[in-house]
Amino acid sequence: MKTKLNWFEYYFGHCFQTGWREIWNNFKMWRDLISGNYADYALMSDDDPYQECYEWFWASINMDETYPKEFIEYLMEMCDRIDRGEEKVYPLDEDFFDRIKDLVGDDYETGTRDEESEG
């Protein structure tokens, strides 16, 4: 497996594509904000959808998901070591999530645990 990128692969394979994806995501948020299509931005029942969309739009303008070349090569090298069996991995399977559910309880999805413990 290849673990190094040349500069051409880095700039056009990562930086260029990531930059255009971010521009497209910002445009979609701007479009939702202008067209009033912001109902899906509210995550909690007491969230204001317009305010969430507005804040996500302005925050996303400053987001940059372009990673340094060295970090990407580190991830590629780690994947190669995992493929060769040199790194210990822990699978996230159904049993793992069942154990977490047993530790947390059944009401972790509803958010009622915190409300009950406060009262």
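In the predicted model, Arg31 is partly exposed, with a relative accessible area of 37%, and this residue forms a salt bridge with Asp32 in which the closest N and O atoms are 3.7 Å apart. Asp32, by contrast, counts as buried because its relative accessibility is 10%, which falls under the 20% limit applied to buried residues. The pair therefore joins a partly exposed arginine to a buried aspartate.

A further salt bridge links Arg81 with Glu77, with 3.2 Å between the closest N and O atoms. Both residues belong to helix α3, which spans residues 69-83, and their spacing of four residues corresponds to about one turn of the helix. In this pair Arg81 is the buried partner, at 16% relative accessibility, whereas Glu77 is partly exposed at 36%. Salt bridges with shared partners also unite Lys4, Lys69 and Glu73 in one network. Glu86 and Arg84 form another salt bridge, their closest N and O atoms lying 2.9 Å apart, and Arg84 is partly exposed, with a relative accessible area of 47%. The count of salt bridges comes to nine.

With respect to overall architecture, the protein contains five helices and zero strands, so that its elements, read from the N terminus, follow the order α-α-α-α-α. Of the contacts with a separation of 6 or more, 59% are accounted for by residues 24 or more positions apart. Buried residues make up 18% of the 119 residues, and the accessible surface amounts to about 9,800 Å², of which 57% belongs to carbon and sulfur atoms.

Two surface patches were identified, one of them nonpolar and the other negative. The nonpolar patch consists of Trp7, Phe8, Tyr11, Phe12, Phe16, Trp20 and Ile23, which together present about 840 Å² of accessible area. Tyr11, one of these residues, is located in helix α1, covering residues 7-35, and is partly exposed at a relative accessible area of 44%; this value is over 30%, the limit for inclusion in a patch. The C-alpha atom of Tyr11 is separated by 9.8 Å from that of Thr66, although the two residues are 55 residues apart along the chain.

The negative patch is formed by Asp93, Glu94, Asp95, Asp98 and Asp102. Within this group, Asp102 is found in helix α4, which comprises residues 94-104, and counts as exposed because its relative accessible area is 66%, a value over the 50% limit for that class.

Methods
Residues are numbered from 1 along each chain as its sequence is written. This is a predicted model: local features need pLDDT of at least 70, side-chain atom pairs count only at pLDDT 80 or more; totals for chains, interfaces and linings use all residues. Side-chain values use heavy atoms; hydrogens and water are left out. Patches are made of residues with over 30% relative accessible area and no salt bridge: like charges are joined within 9 Å, nonpolar side chains (Val, Leu, Ile, Met, Phe, Trp, Tyr) within 5 Å. Accessible areas come from the Shrake-Rupley method with a 1.4 Å probe; for residues, only the protein chains shown count as cover. A salt bridge is a side-chain nitrogen of Lys or Arg within 4 Å of a carboxyl oxygen of Asp or Glu. Helices (H or I, at least four residues) and strands (E, at least two) are DSSP runs, numbered from the N terminus. Buried means under 20% relative accessible area, exposed over 50%, partly exposed in between (1.4 Å probe, protein chains only). Lys and Arg count as positive and Asp and Glu as negative; His and the chain ends are not counted. The place of a charge is taken as NZ of Lys, CZ of Arg, CG of Asp or CD of Glu. Contact means heavy atoms within 4.5 Å.
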